[in-house]
Each structure stands twice: as structure tokens, then as C-alpha cells.
Amino acid sequence: MRLGFFGATGTVTGSKYLLETGRARVLVDCGLFQGYKQLRLRNWAPLPFEPQDLDAVLLTHAHLDHSGYLPLLIKNGYRGPVYCTQATADLLAILLPDSGHLHEEDANRANRRGYSKHEPALPLYTEADAHRALDSLQPREFGQDFPAAPGLNAHFSPAGHILGSACLRLEAEGRSVGFTGDLGRPNDLIMRPPEPIAAVDWLVVESTYGDRRHHDTDPVADLGEVIKRTSARGGTTIVPAFAVGRTQALLQAVQLLKGDRRIPDLLPVFLNSPMAIDVTRLYHQHRREHRLDDAACARMCRAATFVNSVEESKGLEDIKGPKLIIAGSGMATGGRVVHHLRQYLPDPRSTVLFTGYQAGGTRGAHLLGGAKGIRMFGEDIPVQAEIITLSNLSAHADYQEMLDWLALLPRAPRGVYVTHGEPDAADALRARIQHQFGWTVKVPEYRDQIELCPAAR
């Protein structure tokens, strides 16, 4: 048995793990690289393995850094099943075509404005490629073993990160490997806590917040203070938000704030993300995975005015006075939020509020790093708005929440591999796991391949 690390090493994007046994080769997660250009260029490079040689793909959840390479994998020859949970499949039906559409839009814009070095600029994949990829999805239930490939059994358990998110356990040849995917939090506004997994010989664990604790203040109250402060000076609060997870937590927080009269009930709130609108409606269909009953789901959906068309989106610029706009994408890498940033970043009355992790090299990371200007659409946009982050609205476990979850394992793994984190975060979590549990822990490098040897008799 051999485990290869072909993404999410030294970064929080591009998750891809190749597990090879004597009878099968499977890919765990199939994510896009995001952020720094040198990482994004990996999306265009040939994979270090042949897609057609894979027996199966297994996805821990639908976020594009774990799933967004799938259309390209299939375009390049993969023809096998893609296993995931039902909610993940429902989300991918929204996220992947949108991703393909954005790739096409980016290429078309680059060709119109002539700022690409390529002639012509081409999309990484198209919306049609994404729709074809959906035909490969084969949903499986939480809590049930299933054969994923010859001699290889799989099991999904709830990870509590977003709808459908799963920890994955694979077993073959008397050995087992676990993958946390992205691990959620015990007290999320919406999602239920992550569940412990059965004993494993090796564990691959994420480390997005491996060097940090989330603030222990009330995230709803903190959000309310930002909105009130910005509104008092006549500004607009712009929240770049991931369509899955963070947007719904924000809507839940807004409806709680208005219900308790902590922000004015008449403050205009807009959700300017057609994809997030579609995702929000899925929360009614997957009630067992989260804390909200049908009435609470309905209140969450009514917390904002949904903005569907491009014309409606442009019309938000004409609405004067304080308002809150939630728009994709969460790291400000694309989508409608970049148009709002172009308008409101030069406005000192306004606020840009980040509520999730910002990968290195993204616009979000640049803004939080104190950038005085941001380049978008071939223009240099000055930054005069207030830029802040609320990490306690994050959907990722911090290092203490991760350690608490690891403590629930029935027995010590033979080895732990820390991935999906920036270098400082990954190494910090490695050290903490070793110190608290005394386990063997390593931080793999990109393209490392590790033999998972049988235990000595």
C-alpha cells in the first residue's frame, strides 16, 4: 500500500491523495489549486499519474479546492465512478457548472481586453465539461461501508464542515487509512459537530488553522458590531463569502441580529450570488445534517433579498445609504464580489469583511495583509475601506478543536500526515499532536509517496 500527496501540501488548496494497493488505485479528493500563480499553474500541468488508470475517485466534500479539478480529470480520460455523499452530489451539480462558466468568462474577458499572454486565452475547462463530470457521481450514505474498488472498502462519516462533508476511512489488505477532509467545529451556527471515526492505521489530517485558535467571542454579536459601525458612517458592508457554508451562516446570523433588534430591521441586506441562493435552498432537503428545523431554515432564507440577474447586481450600486452585500467568492478570487470591491474599496466609509480562511496569493489574503491597492480587470484599485476578518465565523476547526477530535480516536494511529495548511500551520499542528499524544507525525511535501507497510508480527 502506498500513499501519494499530489496537492494540499504547503497550501490549503489542490487536495489530491493517491492511494495504491495491490489491486486498486484510487484518488481521494480532486481539488483545484488556488492562490499564488505558481500553484494555479499546477492546474494546467499534466498529472503525475494517468487518469485512466484510476479505479475510483472519492470526494470528502464539494468545495472546489477538493472537487474542482474533477471535470478536467474526466476530460483527460478518467471513466470510473466518483463516490461522495448525496448532499455533496447535490452541491456539485451547482458548483462545478458554475466553476466551468467562470473559467470561460475569465478566458473571454482576457481575450477581449488583451491582458493574457496566450493567444487565445482558453478556459481550464468549460461548463459543458462540468456537466459531463456530474454523470460520474455515485452517492453513498453516511455510516455505511461500501466497496469502492477491488479489495478496497470505504466509509463516510459526518465531518460537520458543510453539507455533505465527510471524513473518509479506507480499508484494504488488513490496513486502514483515514482522511479528515475539512473538519468542522463543535459549535457551528448551523452544522452539527463532526463525528469521530473508527480506528485507523494512518490518518491524513487537515491543518488550515493548525497554528491558531478562533476567538471565543460571540460571532453573531461581533458581526452585528461591524455592521452597526459601518452603517453609522453611511457605508456599505461587503462580505466575500463562500457559497457553501459561510453564506448560510451569515444569513443565519443576520436573521438572529434582526430578530433581536441588534441591527435595524430595515437595513437592506442582499445576497448577490445565484449559486449561493441555490445552495441555501438545499438546506431544506438535508435537514438531518444541520441544527435548523424547517421554520429556522425558512427564516434564514428570508434574511436577505436574493439578487439573481446581472442587471439586479449592477443596480445595487444605485442604492444609496448603508447596506449589507454578501457576494461570492470567499477569497475574492472571482464572481460578483470583485465588481463590488472595485466600487467600494476606495470608499473609506465602507467595510470589507472576511469570514473564512484566505489562502496565500488570493485577493483576500492581499487585502488582509494591508495592501494599499489591488489589481482587478487590468486596473489598480486603491484600498481605503476598512478591512477586517472574523475568524470565529470560520467553518474549520482550530487546533484545539482538532486535538479534541483526535482524542476521540479508539487507538493511536501508526502514523499521522498533516496536510491542507500553510507551512507554519501544518508544522505547528504536527508539533502539538506529537506533544499531546506522542504519535508519529509528519508533514509531507508535494509529490511525496509513502509506503504504508504492514505491521511487524
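## Cysteines and disulfides

In this predicted model, a search of the whole structure finds zero disulfides. A disulfide would need a pair of cysteine sulfur atoms within 2.5 Å, and two cysteines show how this requirement is missed. The sulfur of Cys 30 has its closest cysteine sulfur in Cys 84, at 12 Å, which is too far for a bond. For Cys 297, the closest cysteine sulfur belongs to Cys 301, and at 6.4 Å it is likewise too far for a bond.

Both of these cysteines are buried: Cys 30 has a relative accessible area of 0%, and Cys 297 has a relative accessibility of 1%.

## Nonpolar cores

In soluble globular proteins, nonpolar side chains tend to be buried together. Here the largest nonpolar core holds 101 residues, and the members that touch the most others are Leu 58, Leu 70, Leu 73 and Leu 170. Helix 4, residues 86-113, gives the most to this core, with seven residues. Apart from this core lies another, of 21 residues, among them Cys 167, Val 200, Leu 203 and Leu 406.

Leaving aside neighbours within four places in sequence, Leu 58 is in contact with residues including Val 26, Leu 27, Val 28, Tyr 83, Phe 146, Phe 156 and Leu 170.

## Helix 6 against helix 7

Helix 6 (residues 219-232) packs with helix 7 (residues 246-259) at an angle of about 75°, and their axes are 10 Å apart; the two helices are therefore roughly perpendicular to each other.

Where they meet, helix 6 contributes Val 220, Leu 223, Gly 224 and Ile 227, while helix 7 contributes Leu 250, Ala 253, Val 254, Leu 256 and Leu 257. The residues of this contact comprise eight nonpolar, one polar and no charged.

Terms used:
Residues numbered from 1 in each chain as written. Predicted model: local features only at pLDDT ≥ 70, side-chain atom pairs only at ≥ 80, totals over all residues. Heavy atoms only, no water. Axes fitted to C-alpha atoms, helices over the stretch in contact; angles between N-to-C directions. Helix = DSSP H or I, 4+ residues; strand = E, 2+ residues; numbered from the N terminus. Parallel < 35°, antiparallel > 145°, perpendicular 65-115°, else oblique. Contact = heavy atoms within 4.5 Å. Nonpolar A, V, L, I, M, F, W, Y, C, P; charged D, E, K, R; others polar. Buried < 20%, exposed > 50% of the residue type's maximum accessible area, 1.4 Å probe, protein only. Core = buried A, V, L, I, M, F, W, Y, C linked by side-chain atoms within 4.5 Å.
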